[in-house]
Amino acid sequence: KSLWQTVIKEDEKIVNLFKRQFSIGTKWSLKRQGKIGYFVYLEKSKIEFYFIIPQHYYSVMKERITGVWNGITIEEVPEIPTFSAEAFKYQLVYEKEDGLSLATDRKNNDFLNASLNVVDLLEDGDKAGVLFNFAPISQESFKYSYKSTVDKVKNGVPTDRKKTGVKYL
């Protein structure tokens with residue numbers, strides 16, 4: 001959503017001016033973009049899958065998920081499994097421009113299979129978790145970013161992200 005679509009008028013006051021009524025907002029708020037997370041919790045004896053979604057998207061996501069995986073049970077849980085403070089944590093970040101990093105094939109489940117192969121390495125009492133964050137955004141800006149990145153590759157220009165400058169800040 002654009003910035004103007006995220007501004008919500010919560011309260012208003014009606015004002016009579018020049019024999020016409022006008023609505024003036026007296027209380028405004030900013031609605032944040034929804035974010036969806038997918039968490040895979042792994043132990044030697046069990047694997048659990050969690051979707052972390054805003055409450056107002058629950059019915060839509062439940063319908064979509066059951067449309068893809070029919071015959072599964074979906075239940076709302078108050079919290080997801082956690083790990084101790086001493087647990088090892090790793091984060092995957094893109095080193096190059098996103099236009100090259102996001103070349104994925106959504107028709108296969110290679111990444112999920114690779115994550116589930118960790119179960120073979122786990123010993124009794126070991127736990128692992130993989131968290132995916134999905135922020136729904138428009139693909140329009142990505143098209144231009146991707147074209148710019150491909151042009152850089154064709155022209156032999158480095159695609160490393162700049163760590164200085166106004167655009168980075």
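Modeller: Rings of Phe, Tyr and Trp, the last taken by its six-membered ring, pair if their centres lie within 6.5 Å. The model discussed here is predicted.

Biologist: Which residues form one aromatic cluster?
Modeller: The structure holds seven aromatic pairs. One cluster takes in several rings, and its members are Y38, F49, F51, W69 and F132.

Biologist: Are the rings of F39 and Y41 stacked, tilted or edge-to-face?
Modeller: Their centres lie 6.5 Å apart, with the planes at 35°. Stacked needs planes under 30 degrees apart, and edge-to-face over 60. The F39 and Y41 pair is therefore tilted.

Biologist: Is F39 buried or exposed?
Modeller: Buried means under 20% relative accessible area. F39 has 6%, so the residue counts as buried. Its ring partner Y41 has 4%. The answer for F39 is buried.

Biologist: Which strands does the pair of F39 and Y50 tie together?
Modeller: The two ring centres are 6.1 Å apart and the planes stand at 40°, so this pair is tilted. Y50 is buried, with a relative accessible area of 14%. The two residues are eleven apart in sequence. F39 lies in one strand and Y50 in another, so the pair ties β3 to β4.

Biologist: Over how many bridges do β3 and β4 pair?
Modeller: β3 spans residues 36-43. L42 stands opposite I47 in β4. The pairing is antiparallel, and the count of bridges is six.

Biologist: Which strands stand at the edges of the open sheet?
Modeller: Three strands form this sheet, in the order β4-β3-β5, with antiparallel pairing. An edge strand here has a single partner, so one side is left without a neighbour in the sheet. That describes β4 and β5 (127-134).

Biologist: Which residue in the turn between β1 and β2 has a positive phi?
Modeller: β1 (residues 7-17) and β2 (residues 20-30) pair in the antiparallel sense over ten bridges. K9 stands opposite W28 in β2. The two strands form a hairpin with two residues between them. The one with a positive phi, about 55°, is F18.

Biologist: Which element gives the most to the lining of the second largest pocket?
Modeller: This pocket holds about 730 Å³ of space. Its lining has 24 residues, and F49, Y50, F51, I74 and E75 lie nearest the centre. The elements that give two or more residues are β4 (47-52) and α2 (58-68). With six residues, the top contributor is β4.

Biologist: How many nonpolar residues are in that lining?
Modeller: Five of the lining residues are charged and two are polar. The nonpolar count is 17.

Terms used:
Residues are numbered from 1 along each chain as its sequence is written. This is a predicted model: local features need pLDDT of at least 70, side-chain atom pairs count only at pLDDT 80 or more; totals for chains, interfaces and linings use all residues. Side-chain values use heavy atoms; hydrogens and water are left out. On a 1 Å grid over the protein atoms alone, a cavity is a set of points where a 1.4 Å probe fits but cannot get out, and a pocket is an open set with protein on both sides within 12 Å along at least five of seven lines; lining residues have an atom within 4 Å of a point. Grid points are joined across faces, edges and corners, and a volume is the space filled by probe spheres set on the points. Helices (H or I, at least four residues) and strands (E, at least two) are DSSP runs, numbered from the N terminus. Ala, Val, Leu, Ile, Met, Phe, Trp, Tyr, Cys and Pro count as nonpolar, Asp, Glu, Lys and Arg as charged, and the others, Gly among them, as polar. Two strands pair if DSSP finds at least two bridges between them. Buried means under 20% relative accessible area, exposed over 50%, partly exposed in between (1.4 Å probe, protein chains only).
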